[in-house]
Amino acid sequence: MSGTLPVFRWHLAPDGYATRRQLRARNLRPGGQDVAAQMERPRRRGRPPLVAYLYRVDLARPVRPMTPGRWRAHNAMMRARRTCPTCRRDAGYVIPTSLGTCVPCTYPNQPESPRSC
């Protein structure tokens, strides 16, 4: 980012600008461009405003397709997030970082509740 950016009020950005999420919804990505503008939403009690960075839609590029190698890497990453470091079992869900281990390892004396599925 160089110089000062145009600043728009929340929900009042002109056409041609989009956030990362809005670009992704259109199957686009920023593609290396710098932030073109920002939106600010004022807050109360002296807190700093919420800021959303905007990118130019005309300079955005298509999202890169997932290749077989990327799918393998993604699956390996998700498997690692589901594997408990204590018991080394697949928990079947992404282990919360607040716990660090699967629920049975975190709370070993709790009886298992029946599943409602």
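What follows is a walk through the cysteines and the charged side-chain pairs of this structure, which is a predicted model.

The cysteines are a natural place to begin. A disulfide is a covalent bond between the sulfur atoms of two cysteines. Under the criterion applied here, the count of disulfides comes to zero, and the distances around two of the cysteines show what lies behind that result. For Cys 84, the closest cysteine sulfur belongs to Cys 102 and lies 3.6 Å away, which is too far for a bond, given that the two sulfur atoms of a disulfide must be within 2.5 Å. Cys 102 in turn has its closest cysteine sulfur in Cys 105, at 3.5 Å, and this separation is likewise too far for a bond. As to their surroundings, Cys 84 is buried, with a relative accessible area of 0%, and Cys 102 also counts as buried, at 6% relative accessibility.

From the cysteines, attention can turn to charged side chains. Side chains of opposite charge can pair when their charged atoms come close. In this model the count of salt bridges comes to two.

One of them joins the side chains of Asp 58 and Arg 56, with a nitrogen-to-oxygen distance of 2.7 Å. Within this pair, Asp 58 is exposed, its relative accessible area being 57%, whereas Arg 56 counts as partly exposed at 33%.

The other salt bridge brings together the side chains of Asp 90 and Arg 82, with 3.3 Å from N to O. Here Asp 90 is partly exposed, with a relative accessible area of 46%, and Arg 82 is partly exposed as well, with a value of 24%.

How values were computed:
Residues numbered from 1 in each chain as written. Predicted model: local features only at pLDDT ≥ 70, side-chain atom pairs only at ≥ 80, totals over all residues. Heavy atoms only, no water. Buried < 20%, exposed > 50% of the residue type's maximum accessible area, 1.4 Å probe, protein only. Salt bridge = Lys/Arg side-chain N within 4 Å of Asp/Glu carboxyl O.
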